[in-house]
2 protein chains.
Amino acid sequence: MSGYKNRILRVNLTDRSFKEESLSEELIHDFVGGRGFGVKLLYDDMKPNSDPLGEENEIIFIAGPLAGTNAQSFSRWKIFFKSPLTGGYFMSSGGGYFASELKYAGFDAVIIKGRADSPVFLWINDGKIELRDASYLWGLGCNDTHTLIREELRNPKVRIACIGPAGENGVKFAGVFSDRRAAGRGGGGTVMGAKNLKAVAVHGREKIDLADPAGFSAAVKEQVNRYKASPRFKHFSETGTQTPEFTNVLGIFPIKNFRGGVLPGIEKMDGSVFTEIRARNTACHSCMIHCGSISKINSGRYRGSWSEGPEYETIWSFSGPILCSDIGLTVAADNVCDDLGLDTISTGNTIGFAYELYEKGLITREDTGGLELTYGNDEPVLTLIKQIAHNKGLGELLAKGTREAARRIGKGSEQYAMHVKGLEIPAYDPRGAKAHGLSYITMNLGADHCAGYAGQEIFGAPYKGKAVDRFAVKGKGEMTKWNQDDKAIWNLGIMCNFATGYIDHELYGKLLSTATGRQEFADTDYLWLVGERVYNLERMFNIREGFGRKDDVFPERFLKEPMPVGPSAGQVFEADPLLEDYYRARSWDPKTGIPHEDKLKELGLDFTIGV
Amino acid sequence: MSGYKNRILRVNLTDRSFKEESLSEELIHDFVGGRGFGVKLLYDDMKPNSDPLGEENEIIFIAGPLAGTNAQSFSRWKIFFKSPLTGGYFMSSGGGYFASELKYAGFDAVIIKGRADSPVFLWINDGKIELRDASYLWGLGCNDTHTLIREELRNPKVRIACIGPAGENGVKFAGVFSDRRAAGRGGGGTVMGAKNLKAVAVHGREKIDLADPAGFSAAVKEQVNRYKASPRFKHFSETGTQTPEFTNVLGIFPIKNFRGGVLPGIEKMDGSVFTEIRARNTACHSCMIHCGSISKINSGRYRGSWSEGPEYETIWSFSGPILCSDIGLTVAADNVCDDLGLDTISTGNTIGFAYELYEKGLITREDTGGLELTYGNDEPVLTLIKQIAHNKGLGELLAKGTREAARRIGKGSEQYAMHVKGLEIPAYDPRGAKAHGLSYITMNLGADHCAGYAGQEIFGAPYKGKAVDRFAVKGKGEMTKWNQDDKAIWNLGIMCNFATGYIDHELYGKLLSTATGRQEFADTDYLWLVGERVYNLERMFNIREGFGRKDDVFPERFLKEPMPVGPSAGQVFEADPLLEDYYRARSWDPKTGIPHEDKLKELGLDFTIGV
């Protein structure tokens with residue numbers, strides 16, 4: 001088989017058994033790869049109402065059909081699991097070199113369930129499988145874990161996806177980390193921790209066969225030319241994803257737990273600062289963009305701190321929420337989160353939530369152990385991050401995520417928990433970008449910013465040839481569906497979100513079809529069908545778990561408190577008309593939020609009807 | 001050339017120039033390799049009275065003629081420099097994989113002088129040389145530095161010798177670290193920091209030629225057989241160097257800044273504890289002993305802490321000096337020292353010194369910033385270590401080492417500074433092991449425990465076929481000379497101190513001569529000559545710097561305060577008769593401590609006469 005390795009590894013940690021299976025013709029045809037494989041495998045394997053932290057939950061690692069080839073920007077890996085944070089379907093993505101190495105080691109996917117009776121790590125060495133003792137790694141940060149596993153295996157080239165103390169300690173938003181590249185969101189690290197699984201280590205020398213090497217080579221060449229011709233390519237190569245200005249000028253850079261959209265002093269975090277702190281660029285496997293970077297702080301209170309990135313979201317996580325514009329804090333906090341194994345978005349959002357509760361008197365100095373959570377005071381942040389990761393002090397509460405923490409605190413604090421379906425909201429205020437917000441609210445993952453990103457509202461990308469009014473309600477249902485299904489298409493091959501803009505579905509289809517030999521993948525209509533199929537199957541996973549329209553909700557703040565100042569002043573999020581428009585576009589029942597049977601049949605998802 | 005690479009690299013950081021040269025016939029014949037090369041090169045290059053932190057100081061990295069071959073236990077690397085701690089000749093050694101890699105990269109030695117105008121690291125890649133920017137690494141710990149250099153060079157197999165913040169910040173006892181293996185003593189890291197040299201990175205694929213492959217192979221086979229036949233081999237393989245009991249039962253495990261020799265509660269740090277915390281063994285290149293280990297603390301206050309080792313000396317450093325028997329502290333402190341780049345011996349000794357000053361009221365709570373330096377209180381230790389590395393708080397003073405710190409404090413505190421020639425005394429009380437103490441006091445490095453180790457007193461090894469009374473004075477001069485010259489012999493090939501006991505000079509000579517083709521190295525009388533030559537040239541380096549008998553002195557405590565309790569109770573160190581016996585054995589002038597001219601001529605050191 002070409003592109004694919006045609007090999008799935010199933011690991012049961014409870015009895016420490018392994019099983020291998022091939023990809024079925026139906027799976028390949030119907031779901032293409034990547035996110036398609038992930039949702040189908042998880043849907044098929046999982047019983048409804050399974051405990052996300054129980055043996056029955058799975059964590060599935062997937063590399064796409066183009067990972068490991070010289071096609072550009074296909075080196076992301078995805079994990080799929082039922083989220084301990086949302087209780088629903090989850091998918092999270094990381095970059096670097098883990099995906100290509102998993103392919104070289106012989107596998108498209110690794111499906112892990114059960115629970116080991118003591119800490120272990122999984123070692124996939126050129127097709128050979130082993131579970132090894134990880135007791136001595138338990139409690140260690142991600143960085144030390146990488147070092148010690150490579151040393152133990154006497155193989156410095158091993159690639160590793162691991163958890164830090166946060167995942168071990170049951171923090172609900174613990175991520176999975178590979179050389180500081182995070183599949184951060186939704187609690188994949190929490191699932192690994194509950195399984196006593198410290199890491200997955202992979203290395204191999206297998207080749208990726210190509211169905212049509214010449215055709216593939218021509219497609220890659222075309223891809224490279226498109227990259228080079230794009231001004232955005234040059235920009236991303238030089239400055240990465242780091243500038244927070246582009247949302248601030250729209251007035252949607254959330255501050256003070258989403259009570260404003262303009263951060264005072266943001267000029268201290270503008271482009272020139274990132275040039276100054278950028279020590280060097282970094283890149284994922286086979287990606288000429290090299291948008292990543294090592295940043296280093298050379299002055300101020302956080303002098304000497306460094307991190308990989310930080311990316312836009314992380315820059316926001318430790319600035320807007322607490323009203324701080326010291327990039328030093330962001331870099332220092334990013335480093336600690338990467339090492340302790342925390343999702344920076346949920347961490348920053350949750351800390352911002354704590355600051356508002358403190359302001360409102362819903363938590364006191366006694367609860368914080370003396371920490372002064374007043375806006376502008378960045379001093380408590382690193383302490384809070386460590387407390388969260390170790391489930392100590394106030395961190396014991398915050399480690400549950402905003403939804404659950406608010407439930408425990410009560411006294412009306414629920415209204416300040418800024419999440420959708422339990423997943424903390426990221427760095428775009430939905431009141432000033434309606435389609436982006438509509439995707440937050442409807443996404444099966446909860447408030448995810450990637451899988452329905454509304455570039456039309458944020459970067460001014462045209463939609464069907466026309467400019468889009470970001471405040472408008474009309475037409476946003478259809479546009480949101482388009483954005484979500486489009487992202488689902490790119491996620492089949494697992495192309496990086498920062499790279500999809502350089503090429504189109506045609507060239508993408510050519511890359512997929514010449515690599516795999518599947519002619520249907522060259523048909524963009526077919527890709528649209530699969531994209532929508534994948535999106536709806538994810539929905540049906542959640543429907544089976546009891547989700548519905550009742551869960552497609554925002555905190556009331558966005559609906560009732562108009563944005564107070566700035567370029568989005570006066571805006572609220574018009575949830576009802578937006579949702580109705582969206583359900584109509586999706587052909588979902590507007591009352592229940594469940595896809596109509598006709599739609600499910602049209603998408604070949606008959607097996608989900610009536611779950 | 002065989003064994004050797006016949007290639008020395010000279011780097012001048014000031015003008016960023018490189019020069020290569022061959023080994024001269026004289027250097028090889030007269031000094032064999034390793035320590036012999038180190039002292040000769042340093043003696044020739046350095047002008048007297050050079051500033052150890054100035055451009056004129058050198059730091060010389062040397063791999064031995066057998067490094068990189070499959071002979072066992074020859075993988076240590078040495079650094080040579082004028083010490084900022086003692087102001088004299090210094091040599092320090094590290095293990096791991098740096099020495100073999102330096103050979104594979106094409107060099108026997110790297111001589112670095114000058115000072116870069118901004119932080120750099122040296123990259124030796126299969127014979128190609130480059131100085132690369134290290135600004136972004138400045139301030140980083142040794143662990144992150146290893147990771148980021150490997151990533152920057154896109155070569156995970158690179159071996160690195162680097163400094164941490166301690167070396168950058170001018171801490172006088174900063175070491176050089178390679179994958180957590182330390183060339184810790186004497187301030188080699190301080191010298192690198194003063195040169196703005198963050199690291200030396202090496203990788204290569206060159207082979208080591210052998211003059212007589214069959215003869216060498218037979219010698220290695222014999223070596224392996226000798227290892228296997230030794231009960232000590234089995235012991236070291238299984239438990240490493242970790243038990244502190246062997247000195248405690250002699251009453252020479254120093255406690256409370258050398259005011260006793262028995263640690264209460266030492267049973268909490270006995271063999272079974274090390275078995276319990278030992279996660280796995282580690283080894284240096286081509287060494288079947290694998291005496292190293294990764295230790296991990298699974299309970300108590302330091303739960304989750306881990307380190308490489310700790311070795312015997314480090315176990316002592318954070319227990320005896322402050323009266324603590326929690327192995328957790330030792331492991332935690334070891335990890336922090338390895339990362340921040342500190343010599344554990346000087347760090348622990350200096351902290352013990354501070355505890356005594358606190359007890360005596362010579363420093364107060366104000367000086368310590370509120371830290372309670374009372375015996376048995378381990379709480380301040382990790383804080384003090386960080387303060388030392390960053391030159392902050394009380395650490396600003398302690399970072400100078402005990403001698404200089406005492407000078408600054410005054411008020412009689414000098415008597416509590418437990419050092420020889422400025423080098424802090426390690427984990428054997430000289431009052432209960434006179435030859436061991438005599439080596440401390442006369443060693444050119446200061447109080448070094450390796451290069452004159454008196455196994456006869458500590459392990460009951462016979463000397464010239466007879467058992468030795470460790471309290472006796474008589475004959476200890478000659479025995480100390482024998483120990484020191486013997487160690488110098490093993491240091492020519494740079495064989496590990498933990499391995500020399502398995503073989504003898506004959507087999508060692510066979511390994512050296514079959515590898516290099518130099519027949520004279522098979523002659524053990526010749527090796528004794530070179531050993532003594534090396535030792536005396538080191539002496540002459542120091543004589544040239546103004547050292548003499550006046551510097552062969554102990555703190556008065558050992559001379560005047562009898563050991564209060566335990567198996568060495570009542571003993572003092574009889575400095576005068578011991579020294580006189582030693583000078584006689586060495587043929588050194590008993591008044592000045594300078595080698596007699598006849599001796600220097602006999603050793604072929606005529607060029608040092610009258611310096």
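**View 1. Strands β3 and β4 of chain A pair in the antiparallel sense.** In this predicted model, 5 bridges join β3 (residues 59-63) to β4 (residues 77-82) in chain A. One residue pair can serve as a landmark for this view: I59(A) stands opposite F81(A) of β4(A). Strands of a sheet pair through backbone hydrogen bonds, either parallel or antiparallel.

**View 2. An open sheet of 6 strands in chain A has mixed pairing.** Read across the sheet, the strand order in chain A is β2-β1-β6-β3-β4-β5. Which strands form the edges? They are β2 (17-21) and β5 (89-94) of chain A, and each pairs on one side only. Neighbouring strands of the sheet are turned by 15° against each other on average, with direction ignored. The β3 and β4 pair of the previous view sits in this order between β6 and β5. In a regular strand the side chains alternate between the two faces of the sheet.

**View 3. Strand β12 of chain B is largely enclosed by the rest of the structure.** The strand covers residues 197-203 of chain B. How many of its residues are buried? The count is 7 of the 7 residues, so β12(B) is largely enclosed. The cut-off for buried is under 20% relative accessible area. Two strand partners are shown here. Strand β7 (residues 120-125) of chain B runs parallel to β12(B), and 6 bridges join them. Within that pairing, F121(B) has A199(B) as its bridge partner. Strand β9 (residues 159-162) of chain B pairs with β12(B) in the antiparallel sense, over 4 bridges. Here the bridge partner of I160(B) is A201(B).

**View 4. F258(B) has a positive phi although it is not a glycine.** The phi value is about 65°. F258(B) lies in the loop between α9 (245-248) and α10 (271-277) of chain B. Is F258(B) buried or exposed? Its relative accessibility is 1%, so F258(B) counts as buried.

**View 5. H290(B) also combines a positive phi with a residue type other than glycine.** Phi is near 35° at H290(B). The residue is placed in the loop between β13 (278-282) and β14 (292-296) of chain B. With a relative accessible area of 32%, H290(B) is partly exposed. By contrast, F258(B) of the previous view is buried.

**View 6. A cis peptide bond leads into P310 of chain A.** The bond runs from G309(A) to P310(A), with omega near -10°. P310(A) is in the loop between β15 (306-308) and α11 (312-317) of chain A. Chain B can be viewed alongside. There, the bond from G309(B) to P310(B) is cis, with omega near -10°. P310(B) lies in the loop between β15 (306-308) and α11 (312-317) of chain B.

**View 7. A rotation of 180° superposes chain A on chain B.** The shift along the axis is 0.0 Å, and the RMSD is 0.0 Å. The two copies are thus related as by a two-fold rotation axis. The same surface serves both copies: 100% of the contact residues of chain A recur in chain B. Which residue of chain A comes closest to the rotation axis? It is P156(A), with its C-alpha at 2.7 Å.

How values were computed. Residues are numbered from 1 along each chain as its sequence is written. Chains are lettered from A and ligands numbered from 1 in the order in which they are written. This is a predicted model: local features need pLDDT of at least 70, side-chain atom pairs count only at pLDDT 80 or more; totals for chains, interfaces and linings use all residues. Side-chain values use heavy atoms; hydrogens and water are left out. Two strands pair if DSSP finds at least two bridges between them. Axes are lines fitted to C-alpha atoms, for helices over the stretch in contact, and angles run from 0 to 180 degrees between N-to-C directions. Buried means under 20% relative accessible area, exposed over 50%, partly exposed in between (1.4 Å probe, protein chains only). Copies are superposed by least squares on the C-alpha atoms of residues with pLDDT of at least 70 in both. Contact means heavy atoms within 4.5 Å.
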